[in-house]
Amino acid sequence: MKTPVVLLTGYLGSGKTTLLARLLAHPDMGETAVIVNELGEAAIDHHLLRRVDERTVVLGNGCVCCTLRGDLADELRDLLSRRDRGEIPGFGRVVVETTGLADPAPILYTLLTDPVARHHFELERVVTTVDAQHGLRGEESVKQAAVADRLVVTKIDLADPDPVERELRRLNPGAEIVEAEQGDVSPHELFDGVERDPRELVYDETPTHDHEVRALCLTLHEQVDWTAFGIWLTMLLQARGTDVLRVKGLLDVGAEGPLLINGVQHVVHPPEHLPSWPDADRRSRIVFIGRGFTDEELERSLSAFNRAASAW
Ligand SMILES: Nc1nc2c(ncn2[C@@H]2O[C@H](COP(=O)(O)OP(=O)(O)OP(=O)(O)O)[C@@H](O)[C@H]2O)c(=O)[nH]1
Ligand SMILES: [Mg+2]
Ligand SMILES: [Zn+2]
């Protein structure tokens, strides 16, 4: 029997990891392996899934639709052989979380044409998250929504989902729309119902997304004052929110666990205290995804701000 694969995509910060973490905790989810792809070298998302499990694989520092496509097929193969050798617990489904910029077409192409992937896996669903607050943003998010079987409209507590849902119905009338607040969706809403047409569409192999968008990672060696940092981040996103598309990080604020911070375009989401650090490294790490800025600029700006803040 082939193992079902779910492709979970959606634009930067639209709520993929939030949804996946809730699903994995759902009693009806079943045994699941997860492949998380992140652009930055400091991968954060897999720590947020709140599970310690060898069935969680990180594809970091690149994008699974372009630079890491071969790696996706390799990881799928590897999960299978480790499962067959009994090295990891069994699983009945694999969920792949893409980067927020990914073009789903070449990923689908890989899943449907790679000999091993085709033989052992079947594409069960393409689930795409769309943020009610920011809507569809640019070419990448339109493509992600267009190939979805299920569209999950997120952040309905922050914005009226109706306008984006109208747009989605026009763009992809065949997909079912599910609304989610903080990822609260049951697996049934996503996976029950009609199966995909086995006469698959042919997907274009060539990834087309904005390759100027990059991930920069800052590691800070000193404890961070959240109030000052929050002001700096808010100012940065106000000034550069069209270039800095996504910020996420774990901050050492002197507590037992780190403070998880999230910025999506101009919005700084409320930070969240995590009970413990995911690994031995206790340094603050922040990932900035966007274009038109450099490490040095960000570092200079932050350290200038820190100096000013410590003089208050
Ligand atoms: N208020 C509210 N916040 C949400 C909701 N869903 C997600 N968020 C917040 O949005 C931010 C980004 O969520 P993630 O789940 O990390 O988004 P993502 O799509 O995985 O982000 P990337 O992997 O970086 O592209 C976090 O601060 C979440 O807490 C929601 O339904 N309501
Ligand atoms: Mg994520
Ligand atoms: Zn890509």
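Buried means under 20% relative accessible area. The legends below describe close-up views of a predicted model.

**Figure 1. Protein donors of the magnesium ion (ligand 2) in the predicted model.** Three residues supply protein donors to this ion: Thr17 through OG1, Asp45 through OD and Glu97 through OE. Their distances from the magnesium ion run from 1.9 to 2.2 Å. Along the sequence, the donor residues follow the spacing T-x27-D-x51-E. Aspartate 45 belongs to helix α2 (residues 45-48) and glutamate 97 to strand β4 (residues 93-97), so this pair ties together parts that lie 52 residues apart in sequence. With a relative accessible area of 4%, aspartate 45 is buried because its value is under 20%. Glutamate 97 also counts as buried, at 2% relative accessibility.

**Figure 2. The largest pocket and its lining.** The space in this pocket comes to about 920 Å³. Its lining is made up of 40 residues. Nearest the centre of the pocket lie Gly15, Thr17, Thr18, Gln182 and Asn262. One of these, Thr17, is also a donor of the magnesium ion (ligand 2) through OG1. At least two lining residues come from each of α1 (16-24), α2, β6 (150-154), β9 (244-251), β10 (259-264) and β11. Helix α1 gives the largest share of the lining, six residues. Sorted by class, the lining holds 13 nonpolar, 15 polar and twelve charged residues.

**Figure 3. The largest cavity and its lining.** The count of cavities of 30 Å³ or more comes to one. The volume of the largest cavity is about 30 Å³. Its lining consists of Val6, Leu8, Leu23, Val95, Val127, Leu190 and Phe191. Two elements, β1 (3-10) and α8 (187-191), give two or more residues to this lining. The class count is seven nonpolar residues, with no polar and no charged ones.

**Figure 4. Histidine 269 and lysine 155, joined by a side-chain polar contact.** The contact between the two side chains spans 3.1 Å. Histidine 269 is part of strand β11 (residues 267-273). At 16% relative accessibility, histidine 269 counts as buried. Apart from residues up to four places away in sequence, histidine 269 touches Gln133, Lys155, Leu158, Asn262 and Val264. Among them, Asn262 is also one of the residues nearest the centre of the largest pocket. Lysine 155 sits in the loop between β6 and α7 (162-171). Lysine 155 is buried as well, with a relative accessible area of 10%. Its phi is near 60°, a positive value in a residue other than glycine.

**Figure 5. Asparagine 61, a residue with positive phi that is not a glycine.** The phi of asparagine 61 is about 60°. The residue is found in the loop between β3 (56-59) and α3 (69-84). Asparagine 61 counts as exposed, at 53% relative accessibility.

**Figure 6. Aspartate 114 between two helices.** Aspartate 114 has its place in the loop between α4 (104-113) and α5 (115-120). A polar atom of its side chain lies 3.2 Å from the backbone nitrogen of valine 116. With neighbours within four places in sequence left aside, aspartate 114 is in contact with Ala73, Arg77 and Tyr109. Its relative accessible area is 15%, and aspartate 114 is buried. From C-alpha to C-alpha, aspartate 114 and leucine 251 are 40 Å apart in space, while in sequence they are 137 residues apart.

**Figure 7. Surroundings of leucine 260 in strand β10.** Leucine 260 is buried, with a relative accessible area of 5%. The contacts of leucine 260, leaving aside neighbours within four places in sequence, are Ile44, Leu48, Gly249, Leu250, Pro271, Glu272 and Leu274. Glutamine 133 and leucine 260 are 20 Å apart from C-alpha to C-alpha, with 127 residues as their separation in sequence. Strand β10, where leucine 260 has its place, gives at least two residues to the lining of the largest pocket.

Notes: Residues numbered from 1 in each chain as written. Chains lettered and ligands numbered in written order. Predicted model: local features only at pLDDT ≥ 70, side-chain atom pairs only at ≥ 80, totals over all residues. Heavy atoms only, no water. Donors = N, O, S within 2.8 Å, 3.2 Å for Na, K, Ca; no water. Helix = DSSP H or I, 4+ residues; strand = E, 2+ residues; numbered from the N terminus. Buried < 20%, exposed > 50% of the residue type's maximum accessible area, 1.4 Å probe, protein only. Polar contact = N/O pair within 3.5 Å; in protein donor to acceptor, adjacent residues only side chain to side chain. Contact = heavy atoms within 4.5 Å. 1 Å grid on protein atoms, 1.4 Å probe; cavity = no way out; pocket = protein on both sides within 12 Å on 5 of 7 lines; lining within 4 Å. Points joined across faces, edges and corners; volume = space filled by probe spheres on them. Nonpolar A, V, L, I, M, F, W, Y, C, P; charged D, E, K, R; others polar.
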